[in-house]
Amino acid sequence: MKVGFIGLGNMGSGMARNLIKAGHTLMVYNRTRDRAEALHAAGAKVAETPAEAASHADVLITMLADDRAVEAVIAGAEGVLQALPQGAVHIGMSTISVTLSRRLAGAHQEKKQYYLAAPVFGRPDAAAAAKLFIIAAGPRQQIERCQSLFDAMGQKTFIVGDEGSMANVVKLAGNFLLTTVIEGLAEAFALARKSKVDPNQVLEILTASLFPVPVYKTYGAMIAAEKFEPAGFKLRLGAKDNRLVLAAAEEVAVPMQMASLVRDHFLAAIAQGMSDADWAAMARIVYQSAGL
Ligand code: NAD
């Protein structure tokens, strides 16, 4: 398929590479051009503008930081919305708000284009290895049309429903749960450390018994070692997702007290200059409040 790909950050670079490997024809765009040039060597054409990447595409994929970045490339006279051909699909794979996802669906429909939301679970290593879990929602026929792309980027596609924003809700719910795991591990390890128990041993025991789960292993190892660089998922993006969870919860009147607690830990971490560390660095705030 002819694919336009916008956003070649930690996640997008690996995803775009896997699409090329699977035989798709890619035209890529990134705000900072050197990241796009790196894909050129792998066989992609480099677009000068987001509109150029969209203008010849059957399918346009965006993997951008946040709502603001997505709006910047979609809207405006030079935006994707004007350039994408009728009948083409935009697959939004970034983690964005439920409300923006809804607006995108409407805006594409007006232009006789299609919109799918397909946010992902998995960190950059999973993106590079085509092992993402893809949460897709939107018109069923269009999901089927794009299945070969999903297969090239992920190990499994879950189909949530026919409104794109439903996939964004699932993604945000998952990331919310991850923040509670990070918070919980940090509190448990603080207790262990202050009780003269090695947190590495706690981790070893818990992941070999109650929680034999990759998420506990990955974040537990980072938090036990207090090693949060290089970031797989930047803390400022994690804080963004926390804001999106709270906004989605407010819209439907769901109190989420754990999300509120974690919000303050994100803010404290940002205030202390940890925005570009991995989001598990939030554990430092928990350690500090325990006097560690
Ligand atoms: P990143 O910071 O590495 O890359 C962000 C990309 O957005 C870059 O290509 C950057 O050029 C682009 N961008 C930012 N602001 C822009 C703007 N105003 N205009 C145009 N382009 C702009 O982030 P990432 O880790 O690749 O994450 C991308 C998306 O995937 C985010 O929504 C993130 O929440 C989500 N996500 C990340 C992970 C992870 O572990 N890293 C996992 C799942 C989902």
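## Polar contacts to the ligand

A backbone N or O atom of Leu8 sits 3.2 Å from an oxygen atom of the ligand. This is a predicted model, where local features need pLDDT of at least 70, side-chain atom pairs count only at pLDDT 80 or more, and totals for chains, interfaces and linings use all residues. Residues are numbered from 1 along each chain as its sequence is written, and side-chain values use heavy atoms, with hydrogens and water left out.

Gly9 joins in through a polar backbone atom, 3.3 Å from an oxygen atom of the ligand. With Asn30 it's the side chain: an N or O atom there is 2.6 Å from a ligand oxygen. On its own the ligand would expose 840 Å², and the protein buries 89% of that (Shrake-Rupley areas, 1.4 Å probe).

## Who lines the site

The ligand has 24 residues around it (a heavy atom within 4 Å), with Asn10, Met11, Asn30, Ala65 and Lys234 the closest. Sorted by class, that shell holds 11 nonpolar, eight polar (Gly counts here) and five charged (Asp, Glu, Lys and Arg) residues.

Both domain 1 (2-162) and domain 2 (169-289) put at least three residues into the shell; those bounds come from an automatic or database domain assignment. Helices α4 (67-74) and α13 (235-251) each chip in at least two (helices being DSSP runs of H or I, at least four residues, numbered from the N terminus).

## Helix α1

Helix α1 (residues 12-21) is mostly covered, with eight of its 10 residues buried (under 20% relative accessible area, 1.4 Å probe, protein chains only). Among them are Gly12, Met15, Leu19 and Ile20. Just past α1, Gly23 adopts a positive phi of about 100°.

How values were computed:
Polar contact = N/O pair within 3.5 Å; in protein donor to acceptor, adjacent residues only side chain to side chain. Buried < 20%, exposed > 50% of the residue type's maximum accessible area, 1.4 Å probe, protein only.
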